[in-house]
Amino acid sequence: MTTFVITVPGTFISGITDSERLVLERNLASQHTDVSESEGLDLLTLNDGGTFSVRLEVDAPDRYEAELDATRLVATALKEAGIAEADAPLGPPAVTGIDSDL
């Protein structure tokens with residue numbers, strides 16, 4: 001099993017409140033651990049224009065599964081934060097780091 005750092009981009013169509021941001025970060029915190037923290041990566045980056053990036057770690061057998069898992073995790077966390085899918089469409093995920101015991 002390999003640990004992948006995946007970046008999932010998206011756009012908040014109608015913005016994000018501080019309370020929604022806190023819930024989102026809390027729900028994803030367990031996926032932001034040693035690898036991403038040692039690289040100095042922020043869990044959530046908010047940009048001008050409503051765009052954002054979420055960086056989290058996923059253990060998966062390959063890149064494809066890691067990207068799918070990361071997208072599912074972010075989509076679920078957004079929903080749990082009270083943000084509708086239509087209000088925060090996600091872009092294609094990208095592998096931004098790999099930690100393997102191979």
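A crossing of two helices is called right-handed if the near helix is turned clockwise from the far one by less than a right angle, and left-handed if it is turned anticlockwise. Keep that in mind for the first stop, and remember throughout that this is a predicted model.

**Stop one: the helix pair.** Select residues 18-28 for helix α1 and residues 63-80 for helix α3. Their axes are 8 Å apart, and the helices pack at an angle of about 140°. Why oblique rather than antiparallel? Roughly antiparallel is reserved for angles over 145 degrees, so α1 counts as oblique to α3. Now put one helix in front of the other: the crossing of α1 and α3 is right-handed.

Next, show the side chains where the two helices meet. On the α1 side, pick V23, L24, N27 and L28; on the α3 side, pick L73, V74, A77, L78 and E80. Colour them by character and you get 7 nonpolar residues, 1 polar and 1 charged in this contact.

**Stop two: V8.** Keep V74 on screen and add V8, which sits in strand β1. Buried or exposed? V8 is buried, at a relative accessible area of 0%. Select what surrounds V8, skipping anything up to four places away in sequence, and you'll find F52, S53, V54, A70, T71, V74, L90, G91 and P93 touching V8. V74 should look familiar, as one of the α3 residues that meet α1. While V8 is selected, try a distance to D59: the two are 51 residues apart along the chain, and their C-alpha atoms are separated by 15 Å.

**Stop three: T3 and D59.** Leave D59 showing and move along to T3, also in strand β1, which covers residues 2-11. The side chains of T3 and D59 make a polar contact at 2.5 Å. T3 has 17% relative accessibility, so it counts as buried.

**Stop four: R55.** Select strand β3, residues 51-60, and pick out R55. R55 counts as buried because its relative accessibility, 17%, is under the 20% cut-off. What does the side chain of R55 have 3.3 Å from one of its polar atoms? Show the backbone of D42: its oxygen is the atom at that distance. Then draw a line from R55 to V5; they are 50 residues apart along the chain, yet the C-alpha separation is 6.6 Å.

**Stop five: G49.** Step back into the loop between β2 (44-46) and β3, where you'll find G49. With a relative accessible area of 74%, G49 is exposed. For a sense of scale, run a distance from G49 to D69: 27 Å from C-alpha to C-alpha, with their positions 20 residues apart in sequence.

**Last stop: I13.** Finally, go to the loop that joins β1 and α1 and select I13. Its relative accessible area of 55% is over 50%, so I13 is exposed. Which residues does I13 contact, leaving aside neighbours within four places in sequence? Turn on A86, D87 and P89 and you have them. Add A88 as well: I13 and A88 are 75 residues apart in sequence, but 5.9 Å apart in space, C-alpha to C-alpha.

Key: Residues numbered from 1 in each chain as written. Predicted model: local features only at pLDDT ≥ 70, side-chain atom pairs only at ≥ 80, totals over all residues. Heavy atoms only, no water. Helix = DSSP H or I, 4+ residues; strand = E, 2+ residues; numbered from the N terminus. Buried < 20%, exposed > 50% of the residue type's maximum accessible area, 1.4 Å probe, protein only. Polar contact = N/O pair within 3.5 Å; in protein donor to acceptor, adjacent residues only side chain to side chain. Axes fitted to C-alpha atoms, helices over the stretch in contact; angles between N-to-C directions. Parallel < 35°, antiparallel > 145°, perpendicular 65-115°, else oblique. Contact = heavy atoms within 4.5 Å. Nonpolar A, V, L, I, M, F, W, Y, C, P; charged D, E, K, R; others polar.
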